[in-house]
Amino acid sequence: MNRRFALLIVLSMVLGVGVGWACNQFLSADQAKQAAEGLSLITDVFLRLIKMIIAPLVFTTLVAGIAHMENAAAIGRIGAKTMGWFIGASVVSLLVGLMMVHLLQPGAGLHLETAAAAAPTAANTDAFTLKGFITHLVPTSIVDAMAKNEILQIVVFSLFVGTAVAAVDDRAPAVSVLVEQGAQIMLKVTEFVMKLAPLAIFAALASTIATQGLAMLAVYGKFVVGFYATMGVLWVLLFIAGFFVIGKRVIPLFGVIRTPALLAFSTASSEAAYPRILDALPKVGVRRRIVSFVLPLGYSFNLDGSMLYCTFATIFITQAHGVHLTVQQQIFMLLLLMVTSKGIAGVPRASLVVIMATLTYFGLPEAWIAIVLGVDHLLDMGRSATNVVGNSVAAAVVAKWEGELEDIEDQDPDASGEPAKASA
């Protein structure tokens, strides 16, 4: 199924480029513009479908995730160390993406025509004071926040609800089950929506190239190459951080996670690699109970590749449309992405949802995301593999901090998969 879907993505990209080039070459400028507008209707419907699912998706998945985290936090010390590493890794990932996109400038000088019409001002700055930002965090009505897709307000409300569920003596089993089932339903709805991605990618590429010509391919190439170079920088930083904590053990660690990372890359799904990581990490001495604790939290709260992409793609979009964000606005963007990226882990093409919500928060048209839609699958492959690497390093680091990183030669797993002896 994944290979078939990947093939459909590739075919839609090729067909989109071909149709767009034909419209650009053989139609007049007005006719090409009309054709592009007709094709963009498909993309607009797809984007509206994504917008439709944002509020219920974020609410159900984040409430379920926070409730689960509180259950795991009964372990206390391990939970604190795990979340501490996750927060640090998140900050580094966001900053690397931001610095590299400014260094490489993949969208600079493009100045798409829509910029002048859609964004006469740089960006909405009403909420970019400390008072305005903090006030905006708290919803006056969750119904109103969901109706307007105010992502930060939904996240804050979800945090309160998730924490309250976990704090109730019996953990409100009926509510917990309802929320978890709601999350499963919304994930399935998201899966249905994402099945339309090949059609939307075809339309996005065809409409863009019909008006911009094949020169856009050079822009896309610069964007894709720049992102993978940025991802390489993050991998090096993860390797160095792992080396400082676990020493030379980081080399066999990267060796055993090679297969899970390749699986995540080929399927564009870090979830597909989850069973492989569970089997691989104990081979380098990470005790099973640490793996079983850190990985589920990591898949909910530690998406290094996705966060890297969110900053890189968001600034690329603003560069392409000639919009400049001030330093203060970019700091707020990092804070926004830090929070919103935690609420939709495990969702196919989750980054699209996060980027769209970020554009909306800045007062920019969510339709601008169409410029990255055509190559999103190629980038999703890389960020999925990066998520696997980040969570694997996190598990090994936490195991070391807990004195439960087993010497490889001392491993003697019992029936439960636990190594017989833990090194200090």
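**Helix 3 and helix 15**

I started with the packing of helix 3 against helix 15 in this predicted model. The two axes come within 8 Å and cross at roughly 30°. Angles under 35 degrees count as roughly parallel, so I noted helix 3 as roughly parallel to helix 15. I then looked up the hand of the crossing, and helix 3 and helix 15 cross in the right-handed sense.

**Helix 3 and helix 19**

Next I took helix 3 with helix 19. Here the axes come within 10 Å, and the crossing angle is roughly 140°. That angle makes helix 3 oblique to helix 19. The cut-off matters for this call: roughly antiparallel needs an angle over 145 degrees. I wrote down the crossing of helix 3 and helix 19 as right-handed.

I checked the length of helix 3, which runs over residues 77-104. It has 28 residues. From its first C-alpha to its last it reaches 41 Å, close to the 40 Å expected at 1.5 Å a residue.

Helix 19 covers residues 376-401, which is 26 residues. Its span from first to last C-alpha is 37 Å, and 38 Å is expected at 1.5 Å a residue, so the two are close. How much of helix 19 is covered? Mostly covered is my entry: 23 of its 26 residues are buried.

I picked out Ala385 in helix 19. Its relative accessibility is 4%, so Ala385 counts as buried. I also looked for a partner distant in sequence. Ala385 and Leu262 are 123 residues apart in sequence, yet their C-alpha atoms are 6.8 Å apart in space.

**Where the two helices end**

I went to the residues that follow each helix. Gly403, just after helix 19, takes a positive phi of about 70°. After helix 3 comes Gln105, again with a positive phi, near 50°. Why did I mark Gln105? Its phi is positive although Gln105 is not a glycine. Most residues other than glycine have a negative phi.

Gln105 is in the loop between helix 3 and helix 4. I read 29% relative accessibility for Gln105, so it counts as partly exposed. Pro106 sits in that loop too, between helix 3 and helix 4 (114-118). Is Pro106 buried or exposed? At 4% relative accessibility, Pro106 counts as buried. I also noted a contact in space for Pro106: its C-alpha is separated by 6.8 Å from that of Val219, 113 residues away along the chain.

**Aromatic pairs**

I turned to the rings. A pair of aromatic rings is described by the distance of the centres and the angle of the planes. With ring centres required to lie within 6.5 Å, I have ten aromatic pairs. One of them is Phe223 with Phe312: the ring centres are 5.8 Å apart and the planes stand at 20°, so this pair is stacked. Phe223 belongs to helix 10 (residues 215-246) and Phe312 to helix 15 (residues 304-320), so the pair ties together parts 89 residues apart in sequence. I found both Phe223 and Phe312 buried.

I compared this with Phe243 and Phe244. Their ring centres are 6.5 Å apart and the planes are at 70°, so I entered the pair as edge-to-face. Phe243 has 40% relative accessibility and counts as partly exposed. Phe244 is exposed, with a relative accessible area of 67%.

Which residues do ring pairs link into a cluster? My list reads Phe223, Phe227, Tyr228, Tyr309, Phe312 and Phe316. I then looked for a charge over Tyr309. Arg383 lies over the face of the Tyr309 ring, at 4.1 Å from the ring centre.

**One more residue: Gln153**

Last, I checked Gln153, which is in helix 7 (residues 151-167). Its relative accessibility is 10%, so I put Gln153 down as buried. The C-alpha atoms of Gln153 and Thr135 are separated by 9.9 Å, with the two positions 18 residues apart along the chain.

Terms used. Residues numbered from 1 in each chain as written. Predicted model: local features only at pLDDT ≥ 70, side-chain atom pairs only at ≥ 80, totals over all residues. Heavy atoms only, no water. Phe/Tyr/Trp six-rings, centres within 6.5 Å; stacked < 30°, edge-to-face > 60°. Helix = DSSP H or I, 4+ residues; strand = E, 2+ residues; numbered from the N terminus. Buried < 20%, exposed > 50% of the residue type's maximum accessible area, 1.4 Å probe, protein only. Lys NZ or Arg CZ within 6 Å of the ring centre and 35° of its normal. Axes fitted to C-alpha atoms, helices over the stretch in contact; angles between N-to-C directions. Parallel < 35°, antiparallel > 145°, perpendicular 65-115°, else oblique. Left-handed = near helix turned anticlockwise from the far one by under 90°.
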